[in-house]
Each structure stands twice: as structure tokens, then as C-alpha cells.
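Colleague: Could you take a close look at one part of this predicted model for me? I'd like to hear about the aromatic rings and what surrounds them.

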Amino acid sequence: MAKLTTEKREELPTTEYACPIDKKLPINDAAHVRNAMARFDQVITNKCHPAEARRRILSAAKRYGVDVKDFGKVEDFKSTSREG
């Protein structure tokens, strides 16, 4: 996967994230789209709706030509609420 330094990650516009409010799951290139799909069910957030994140990932996958056939098996985030 392409290296995304902390500095470059902070410079990415919110449109380059599956979860733009809390800047989770960058989708700025094909490698990061594949990573976002693989980690989708590990996300813990109460700021990002899973359906919106899924839509953003699928859109980016189409833009970068990433195969999404296995992504359909993942339904939701691990948890949509966080303790504390």
C-alpha cells in the first residue's frame, strides 16, 4: 500500500475519506480503497453512518477500478457507538 504519512493524511480533503467527519478510512488511491474495504467492519465510530461510508468506498472503488465483489459480504461497522 502507498505510504500515507501523518502530514499527508492531515492534508487530505474530507472528500478523500469514507468517514469524513472523523477522518477514518482514507480512500485517496486504489490501495487505500482496498484497505478501507478490508477494515470496514473494524471501524468504531459514532460520527459516521455505515451506509454513507459504504457508498463513498464503492464510489472510490469504481473511480480506481478496484474489484468490490467480496465487499458485499460486510454489512456494518463493528459498533456505531463508543463507550466513554
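**Around the aromatic pair**

Modeller: Let's start with an arginine. The charged end of arginine 54 sits over the ring of phenylalanine 71, at 4.5 Å from the ring centre. That charged end also sits over the ring of phenylalanine 40, with 5.4 Å to the centre there. Bear in mind that this is a predicted model, with no experiment behind these coordinates.

Now for the rings themselves. A pair of aromatic rings is described by the distance of the centres and the angle of the planes. The count here is one aromatic pair, and phenylalanine 40 and phenylalanine 71 are the partners. Their centres are 5.4 Å apart and their planes make an angle of 85 degrees. Anything over 60 degrees counts as edge-to-face, so that is the label for phenylalanine 40 and phenylalanine 71.

Where do the two partners come from? Phenylalanine 40 belongs to the loop between helix 2 (30-39) and helix 3 (50-64), while phenylalanine 71 is in the segment after helix 3, so the pair ties together parts that are 31 residues apart in sequence. Both rings belong to buried residues: phenylalanine 40 has a relative accessible area of 0%, and phenylalanine 71 has 3%.

On to helix 3, the home of that arginine. Arg54 is one of its buried residues, along with Pro50, Ala53, Arg56, Ile57, Ala60 and Ala61. These buried residues cover an arc of only 165 degrees around the axis, which puts them on the same side of helix 3. What covers them includes helix 2, strand 1 (17-19) and strand 2 (24-26). As for its length, helix 3 has 15 residues and spans 21 Å from first C-alpha to last, close to the 21 Å expected at 1.5 Å a residue. Just after helix 3 comes glycine 65, with a positive phi of about 70 degrees.

Helix 2 deserves a word too, and arginine 34 is a residue in it. Its C-alpha is 8.9 Å from that of isoleucine 57, though the two are 23 residues apart in sequence. Arginine 34 has 46% relative accessibility and counts as partly exposed, whereas Ile57 is among the buried residues of helix 3.

The strands have their own backbone oddities. Most residues other than glycine have a negative phi. Leucine 25, in strand 2, has a positive phi near 60 degrees. With a relative accessible area of 11%, leucine 25 is buried. Lysine 23 is in the loop between strand 1 and strand 2, and its phi is also positive, near 50 degrees. Lysine 23 counts as partly exposed, at 29% relative accessibility.

How far should you trust all this? The chain averages a pLDDT of 87, and 88% of the residues score at least 70. Among the elements of the chain, strand 1 has the highest mean pLDDT, at 95, and helix 1 (residues 6-11) the lowest, at 89. Residues 80-84 are another matter: pLDDT stays under 50 there, and the model has eight contacts beyond four places in sequence for this stretch. Where pLDDT is low, the predicted coordinates should not be read in detail.

Terms used: Residues are numbered from 1 along each chain as its sequence is written. This is a predicted model: local features need pLDDT of at least 70, side-chain atom pairs count only at pLDDT 80 or more; totals for chains, interfaces and linings use all residues. Side-chain values use heavy atoms; hydrogens and water are left out. Rings of Phe, Tyr and Trp (its six-membered ring) pair if their centres lie within 6.5 Å; planes under 30 degrees apart count as stacked, over 60 as edge-to-face and the rest as tilted. Helices (H or I, at least four residues) and strands (E, at least two) are DSSP runs, numbered from the N terminus. Buried means under 20% relative accessible area, exposed over 50%, partly exposed in between (1.4 Å probe, protein chains only). A charge sits over a ring if NZ of Lys or CZ of Arg is within 6 Å of the ring centre and within 35 degrees of the ring normal. The expected span of a helix is 1.5 Å times one less than its number of residues. The arc is that of the directions from the helix axis to the C-beta atoms. Contact means heavy atoms within 4.5 Å. pLDDT is the predictor's confidence in each residue, from 0 to 100.
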